[in-house]
Each structure stands twice: as C-alpha cells, then as structure tokens.
Amino acid sequence: MWNYSFFDYTSKPTYLKYVTAFLLVAVVTVLKICLFSTVGGETPFLLYFAVIIFITRYYGSRPAIFASVLTSIAISYFSLSPQNGFRLSPNEALQIIVFLGECFFLASLSFLQDRASEKLDEHRRVFQILVEKSSDCIMMLKLDGEIVYNSPSVVGVTGYSAEDLLGKQLWSLLMPEEITNVKEKFYQIASHPEKSIQFLHQLKHKNGHVIWIDSTIINLMEEPLVKCLVLNFSNVTDRVVRERQMEDFIGIASHELKTPLTSLKAYTQVLEMRMKKENNATSTILVNKIDKQINRVMGMIFNLLDVTKLQSGIMNLNVSDFDFNDLVYEIVEGIQGSCDKHQIVTDLGPSAVIHGDRERIGQVVTNLISNAIKYSPDASSVSVTTAVEDSTLKIFVTDYGIGIPENEIRSVFGRFYRVQSVRESFQGLGLGLFISSQIVERHGGEMGVISKVNEGSTFWFSLPL
Ligand code: ADP
C-alpha cells in the first residue's frame, strides 16, 4: 500500500526516484519521436528542461543530474543526422553543453536547498523534542482563554488528555475561588503584547486533588507564527507544601518564644536597677550585656513574626496622619543615644504629613539607619535626608561603608537574602529589607538602593502624600 504522495520525494524510496526520472525522460523522448515529423528538431531542450525542473523540485539533486545526463544523450541522438555523417556540429555541441550546464546549476541549487531544509528540519525536531520531553507544560490560548494547544507534559500534570483540554476554557481547570484572580491577570496580559506575568495558583487535577501551579503567561499575539497567549506552568505542590510547613513552624516557634523572652527582659531590667542601687558596677555591666542580647533575639523574633504575618496576609496597618520629620528626628535621637561611633547627620526637607502606619514606617526608617551603621564599621557618619517631589515624599539614608556588589543589588530585598561577602562577618537574618520593602509597598510607595562596593550605599524609599 502506497502511503506517500507521488511528489513527496522525502518519503519515496531512492531507486523509485531514479526510475521515475528515467521514465519521464523516456516519455518525453517517445513524444518527441512521435512529433518529429511535424515539429522536427525544433525546441529540442524545452520539454526536457521542464522534466529536469520537475525532478529537481520534487526528487532532489541526484536524480536531477541522472536525468540531465540521460537527456543530453537523448538530445545528442536527435541532433545526429545522416546528412552530417552522424556527427554533432560545433553549434549543437555547444547547445548541449550549455543545456547540461543549466541542468547542473539547477541540480546544485536543489542540492543546497536540500541541505538547508535538512538542517531546518533537524532544528525543528530538536525544538519539538525539547517541548515534548520537557517537564514544564506549555499551553497556547486564544484571547478569550480557549485552549488551542497543549504540550504532552500537560497530561501528566493535570490528568486530562489533550483531547479533553482542546477547545476548553482555561478557567474550567481552576478552583472557583481562583478564577477571578487568574482572569484578571490573563486579561491584563492579553491587552499588552510581549508582556508577561508570573503567579502562583491552584488547579484542579482530573482525580479531584488540588495542586499548586507556578504559571507564566506571555502575550505573543504579535508573533505572526504564534498569535496566541502562551502559558508555561509546572507543578510546584511539593515546594509550596514544604514552604507552608516551614512558615507555620516559624510562626508558632517565634510566637511561643516571644512570651518567655518578654518576661526575661522584664526581669533583667529589674535586676539592672537593683545592681545600680547596690552600686555593683561589674554586675550592672553584665546585666546590661544580657539585656542587649535579649534585645537582639527579640528583634529577630519580631522579624520572623512579621514575615509570617506578611506571608499569610494578616499584617494589619494602623493608619493615622503623622508628621514624617518628627518621626525621623525621634528615631535618629533614639539610635544616636546608643551609638557612639557614628554621627547621624540629618538634612530634612519641608515637613510633610503622611497617612499611614507610624510604627511600621518608623520600623523601615530604623532598619535603614541601623543597616547603614552596621555595614559601615570603618566610617564615622551616616546621613539622612528627606525631600518632597511631585506629591511624593522621599527619604535617603546614605552610608560610606562596604557597599553592595552590582550583581546582588536586586536581591537584597528578597526574603532571607544576605550578600555573599557579609555572611561570615556580619550577623543578621536577611529579613529587615524584605519586611521594609513590603511595608513601603503596602503604603503605595517604592524602595530602592544605589550602591558601590567599598564606597557606600544610599537606601531610599518614597511615600505618596
Ligand atoms: P540583615 O542585615 O539582617 O542581614 P537586611 O534584610 O536588613 O538583613 O539586609 C539584607 C542584606 O542587604 C544584608 O545582609 C546586607 O548584605 C545587605 N545590606 C543591607 N543594608 C546594607 C548597607 N547599608 N550596606 C551594605 N549592604 C547592606
């Protein structure tokens, strides 16, 4: 049973290509012999040339060369006549040579085209294999969310077959409470060509289980070959479950540690007062040191609690109107009181009233000034300036310390991130900037840093007025 098309030279057995080439040349030769009495030796090359073009186009370069040789033999046969003693005239010989040259030129073009399309085919296969074997899933979606393509891994992740999914809306796979959220993101991207968005959401597996999915949607509507929204996703259920367990553990542990530590701090303060009354200088110093360590541990615990609150979305803001400069002076005074080495230089612009959580914004300012002091051990000052620009208040905290390497600047606002070079030499959890950036973001502001290694850093944040 022939299961390939007549013209499909890639699937035709090689010998058949040569047989077809031979037959075509033979048919044309017979035709010419039959018509010889009417048209004579006129247009000896035209029909043959058509045969060569046909073979070159559909069967490739080698059968074309074979047909060219056969054709030149046939043409020579027509050109030989008894009148000139069965010899080719120089003109006829030249015509045959030119004809052969044209055929070889055609064949070599075809050869080059074959090579190019083989290479193209190889690349296409490689990408096809990558898509098919990748554990990441790919879906192509229309602007209304209809699924038009699934990579094979989608079956493994969702449990649905490609046929189950094609033509369905993406939303039909989501948990009801997630639909609005995902639709919002989808339509946001649908109206912005070339934009992409990444988000975590849940999905209903065919077997009824709920799985966690990390998705990225990219708008490729303006890519002529794609003209779709492309969704890349992978199953991250194990990772999310582990993270949730870890967060629960941190939340519970820090909460349980907070109560005994608060009592411990109260007892140390009582003890310190007693030692002072008894003029016991050595013990006062020791108790003072214990108090400082307790403060450090409490600071860490409060940070961990803040992270769990942020993670579970239960960090409530206690909003009121307050004067920003007053807050900054208050914090600078407090920090300067316990810091002898650094002079905190303030240069505050016009005062502005902020509508926000005074304590939380104070926590951000404290974090930036404390970091500025901590990460500039050899410097003698840090500076704090504020400015109001276009209904936005900005505060800059500058130090002349160790700075941050350029490739790590973007990461310092990440959870638990600490710059590689400070991990051994400075203590910390890598949470202060993460919490600060979240607080600023929740007030509708922005946060950033400009830094140079060994020259210092300027951390800033802005708040809308
Ligand atoms: P921590 O200071 O507890 O490590 P932060 O979240 O406050 O955590 O800071 C994250 C990281 O950013 C720090 O570990 C440090 O590497 C870097 N960093 C923060 N502030 C500064 C600064 N002023 N100068 C240099 N590096 C800084």
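**Stop 1: two oblique helices**

Select helices α9 and α12: they are oblique to each other, because their axes, 10 Å apart, pack at an angle of about 45°. An angle under 35 degrees counts as roughly parallel, over 145 as roughly antiparallel, 65 to 115 as roughly perpendicular, and the rest as oblique. Axes are lines fitted to C-alpha atoms, for helices over the stretch in contact, and angles between N-to-C directions run from 0 to 180 degrees.

The model is predicted, with local features needing pLDDT of at least 70 and side-chain atom pairs counting only at pLDDT 80 or more, while totals for chains, interfaces and linings use all residues. Residues are numbered from 1 along each chain as its sequence is written, and side-chain values use heavy atoms, with hydrogens and water left out.

To find the pair, select residues 281–311 for α9 and 432–442 for α12. Helices (H or I, at least four residues) and strands (E, at least two) are DSSP runs, numbered from the N terminus. The crossing of α9 and α12 is left-handed; that is, the near helix is turned anticlockwise from the far one by less than a right angle, whereas clockwise would make it right-handed.

Now show side chains. On α9, pick Asn303, Asp306, Val307, Leu310 and Gln311; they meet Gly432, Phe434, Ile435, Gln438 and Arg442 of α12. By class, this contact of α9 with α12 has four nonpolar, four polar and two charged residues. Contact means heavy atoms within 4.5 Å. Ala, Val, Leu, Ile, Met, Phe, Trp, Tyr, Cys and Pro count as nonpolar, Asp, Glu, Lys and Arg as charged, and the others, Gly among them, as polar.

**Stop 2: the sheet that α12 packs on**

Select β7, β9, β10, β12 and β11, in that order: they make an open sheet of five strands with mixed pairing. Its edge strands are β7 (343–347) and β11, each pairing on one side only. On average, neighbouring strands of this sheet are turned by 15° against each other, direction ignored. Two strands pair if DSSP finds at least two bridges between them.

Next, keep β10 (residues 392–399) and β12 on screen; they run antiparallel and are joined by eight bridges. Asp399 has Ser457 of β12 as its bridge partner. Then add α11 (residues 358–374), which packs on the sheet and touches β7, β9 (381–389), β10, β11 and β12; its direction makes about 170° with that of β12. Helix α12 packs on the sheet too, touching β11 and β12, and its direction makes about 140° with that of β11.

Which strand does β11 (residues 446–452) join through seven bridges? That strand is β12 (residues 456–464), and the two run antiparallel. Met447 is the bridge partner of Phe461 in β12. Three residues lie between the strands of this hairpin, and Asn454 takes a positive phi near 65° there.

**Stop 3: α10 against α11**

Keep α11 and add α10 (residues 324–337). The two axes come within 10 Å and cross at roughly 45°, so α10 and α11 are oblique to each other. Here the crossing is right-handed. From α10, the contact residues are Phe324, Asp326, Leu327, Glu330, Ile331, Val332 and Ile335; those of α11 include Arg358, Ile361, Gly362, Val365 and Thr366. By class, the contact of α10 with α11 has nine nonpolar, three polar and three charged residues.

**Stop 4: a second sheet**

Move to the open sheet of five strands with the order β2-β1-β5-β4-β3, where the pairing is antiparallel. At its edges are β2 (147–150) and β3 (196–204), each pairing on one side only. From one strand to the next the twist averages 30°.

Select β4 (residues 210–220) and β5 (residues 228–235), an antiparallel pair with eight bridges. Leu220 of β4 stands opposite Cys228 in β5. Helix α8 (residues 237–277) packs on the sheet and touches β3, β4 and β5, its direction making about 120° with that of β4.

**Stop 5: the recorded domains**

Colour residues 123–193, which an unreviewed UniProt entry lists as "domain: PAS". This span is 46% helix and 13% strand, and its end C-alpha atoms are 27 Å apart. Then colour 252–465, listed there as "domain: Histidine kinase"; this span is 46% helix and 22% strand, with end C-alpha atoms 37 Å apart. UniProt positions are in the numbering used here, feature names are shortened, and annotations may be inferred rather than shown by experiment.
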